[in-house]
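Please look over the sequence and the model below before reading on. The explanation then goes through them part by part.

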Amino acid sequence: MHAKFTPEERVFQQEVREFMTNEFTDELAARIRHPDSFREAMIEWQKKLDAKGWAANGWPVEHGGCGWSATKRSIYSNEMALAGAPDVVPMGIKMVGPVLYSFGNEEQKARFLPATKASDIWWCQGYSEPGAGSDLAALQTRAVRDGDDYIINGTKIWTTYAQYADWMFCLVRTNTEGKPQAGISFLLIDMTSPGITVSPIISIDDEHHLNEVSFSDVRVPVANRIGEENEGWTYAKALLTYERTALSGVGYCKRTLQRIRDYAANERQGGGRLIDDPDFQARLADVEMEVTSLEYLELRVLNAVDKGGAPGMESSLLKLKGSDCQQAVQTLYWNLAAAYGGVLPGDDHQNVSGHAYGDQARREYMFGRATTIYGGSNEVQRNIIAKFGLGL
Amino acid sequence: MDFSLSEEQQLLKDSLEKFVASEYSPTQREKLLHAPAAFSADHWQTFAELGWLSIPFSEEQGGIGGGIVESAIVMEAFGRGLVLEPFVDTVLLCGQVLARSGNASMAEQYLEPLIAGELQGALAWQERQSRSSLEHCETEAKRQDGGWLLNGEKVLVSNAAANLLIVSAKQGDQVGLFAVPADNPGVTLQTLKLMDGRDAMNVTLTDCQLTAEHCLQEAGLQLLQQVVDEATVALCAEAVGAMDYLYQATVEYSKTRKQFGQPIGKFQALQHRMVDMFMLTEQCRSLLVCALCSVSDNSETVTEDISALKAMVGRYGRQVAEEAVQLHGGMGVTHEMNIGHYLKRLMMIDVTFGDADFHRRRYCNARYAA
């Protein structure tokens, strides 16, 4: 049992570090932070990763993945986090990608996989509805067969970045008989189709990430259905598994903790450094220990998969603990910013408040309240673990 | 990076689990609590015959050259069954100080009987004023007639069956380590019963005379800290084994205990609490893996990794045990049910070698110092 790197892994670490330093420039980081340039800058960044062959690193090698070991994947995400660089927007490469190569037909794979990998398609996720949140199978958006098309009517909600999306992967009801899970199909929908309306939902961080997407007699070719009709729940559940492991957020937690430590070393309190305050140290330590245990929980899961085993039931804990950790980090960040975190952005607010990070701390805390809700709320996660993990 | 066990390690784990399953039912354990020194001398001989006592010693010293991972495998299995035999005290504390001190004559004299199961050991480090600090030592060692004279008092020394004590004592401005036979006329022992069923003792040293060779190291603080750190990891492995048992036993109990016409495990309020017990256990196991790698790799962050583990095990070990008692209801507070015994052991592990607060402070000092 050891956590050491081989010489080859150290070379890889150096390669990733140099790439991140050279390619993730301050200028690009600034454009990604700004809502007006976010989409374009994010695609630019993802295309750089793709050019290096790393964008879809978790995919099978025959589809352009890297075939990395658990160690290499952990080196990659660590170096990315330390450089402050964002990972790819997950909906395409991390969520629908695996569904496409696992369940898509040859034509669908050829049409969508290369374009998804190259970030030429921006995907959004059509799962939740006003009446179907944690109880996802209660979804009502109807798809009625009409020749070679389905005609879609209904509403999806909480759709992250739908305003930027070219395509949506969407769960629709194709049968109202029997168990709710039995009548669901998985469709790929072109967001430029007539009848689609995207309406913004402003979240408590005052930003526009979320949307409501309504469908009024939208025609979708049957050829855009993944797998069999009424079997969509199977594919959707597989996707949720990919989504949950992608949601542990270890890299984000480590990067933000590093920022908190740096800021706390410069922050003054009663004339001394905040980082020297024993109470602050104790709070920081509590969160850092939680994040280290999350990191090793994830490494244990990855390592088990590397050794040819299936991830055990500890993998189901990753989303649950990961979201708890993200919120713990964000709460600490907010506490660090103290009253300056409450200053709303203005033209010169940074000079007024004296704290460049107060605004960021507030936004991340506010947006982070969603982490224990999306991808299946943590209460639902506990139900799932109780049933399938503990056999209750 | 590789967290898997080797074939030999897996075999060791299997044989330990087999021993615990066949020899450590709650009834069998209850009998041992009333044995002299509160453990089984027969089991100890079995350990010797199976080679378990030789695990962490080098081949030159008569061992099999195991490391921290093997020690953790032993202690995790022992934790599941609340095994009472003093493996940590004799093998990992006393034995490892002897093996690493560089004092060949003492190692030669004592390691062979220790590995053969004929010698019990203890580490006498704690004093009334030191609480959890290894370096704060008022027991004094003075040179006399080419040898040493020790005076002072050590408290809460684990393993009352010890024939050999490793004693830390101040000499000048350093902390020396001494091998003190328990039958030295300058040694007075007073046995104490502990809540986890074990026997400890207070040790008074009154003009305790030792020959020069009984000084293991004149400046031994670093060795002491290293051996205690590794034993701390092993204790945490024991705790993880106990936590693993507790959440599983609680889940099983909730499937059979019926109230309001159904198994209590069907109630969501209880299901979520059991999921949290499982999560806390896996978190502690994850930091155990981190600390095992850190010690094996001789990592720069070994101090903070061990203290993070001990701090988390201290808090979450007790939390999981308290939840187990609660979910077992009235049965959970009976002496008859073994759940409460796990709580007591996890409470004692928390306060051994520094509790959760002590180790969080040590983590902060290692990580955030200017």
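The paragraphs below take up the annotated regions, the domains of one chain, a helix pair and the contact between the chains.

The model is predicted. For chain A, the UniProt record, an unreviewed entry, places "domain: Acyl-CoA dehydrogenase/oxidase N-terminal" at residues 6-115. Over this stretch of chain A, helix accounts for 69% and strand for 0%. The C-alpha atoms at the two ends of residues 6-115 of chain A are 34 Å apart.

For chain B, the UniProt listing, again from an unreviewed entry, gives "domain: Acyl-CoA dehydrogenase/oxidase C-terminal" for residues 219-361. Here the chain is 77% helix and 3% strand, and 25 Å separates the end C-alpha atoms.

The domain assignment of chain B has domain 1 at 7-115, domain 2 at 121-219 and domain 3 at 222-368. Between domain 2 and domain 3 of chain B, the distance from one C-alpha centre to the other is 30 Å. Contact between these domains of chain B involves 10 residues of domain 2 and 10 residues of domain 3. On the domain 2 side of chain B, six of the residues touching domain 3 are nonpolar, three are polar and one is charged.

Next comes a helix pair in chain A. Helix 9 (residues 278-306) and helix 10 (residues 317-337) of chain A have axes that come within 10 Å and cross at roughly 155°. Angles over 145 degrees count as roughly antiparallel, and helix 9 and helix 10 of chain A are therefore roughly antiparallel to each other. The crossing of helix 9 of chain A with helix 10 of chain A is left-handed. Helix 9 of chain A contributes residues including A:Arg283, A:Leu284, A:Val287, A:Glu290 and A:Leu294 to the contact. From helix 10 of chain A, the contributors include A:Leu318, A:Lys321, A:Gly322, A:Cys325 and A:Leu332. By class, the residues of this contact between helix 9 and helix 10 of chain A comprise 12 nonpolar, one polar and four charged.

The last part is the contact between the two chains. Chain B provides 32 residues and chain A provides 29 residues. Which helices of chain B each supply at least two residues of the side that touches chain A? They are helix 7 (221-256), helix 8 (268-296), helix 9 (302-327) and helix 11 (356-368) of chain B. Helix 8 of chain B gives the largest share of that side, with 15 residues. The side of chain B that touches chain A is made up of 20 nonpolar, eight polar and four charged residues.

Definitions and conventions
Residues are numbered from 1 along each chain as its sequence is written. Chains are lettered from A and ligands numbered from 1 in the order in which they are written. This is a predicted model: local features need pLDDT of at least 70, side-chain atom pairs count only at pLDDT 80 or more; totals for chains, interfaces and linings use all residues. UniProt positions are given in the numbering used here, feature names are shortened, and annotations may be inferred rather than shown by experiment. Helices (H or I, at least four residues) and strands (E, at least two) are DSSP runs, numbered from the N terminus. Axes are lines fitted to C-alpha atoms, for helices over the stretch in contact, and angles run from 0 to 180 degrees between N-to-C directions. Angles under 35 degrees count as roughly parallel, over 145 as roughly antiparallel, 65 to 115 as roughly perpendicular and the rest as oblique. A crossing is left-handed if the near helix is turned anticlockwise from the far one by less than a right angle, and right-handed if clockwise. Two residues are in contact if their C-beta atoms, placed from the backbone, lie within 7 Å. Ala, Val, Leu, Ile, Met, Phe, Trp, Tyr, Cys and Pro count as nonpolar, Asp, Glu, Lys and Arg as charged, and the others, Gly among them, as polar. Domain bounds come from an automatic or database domain assignment.
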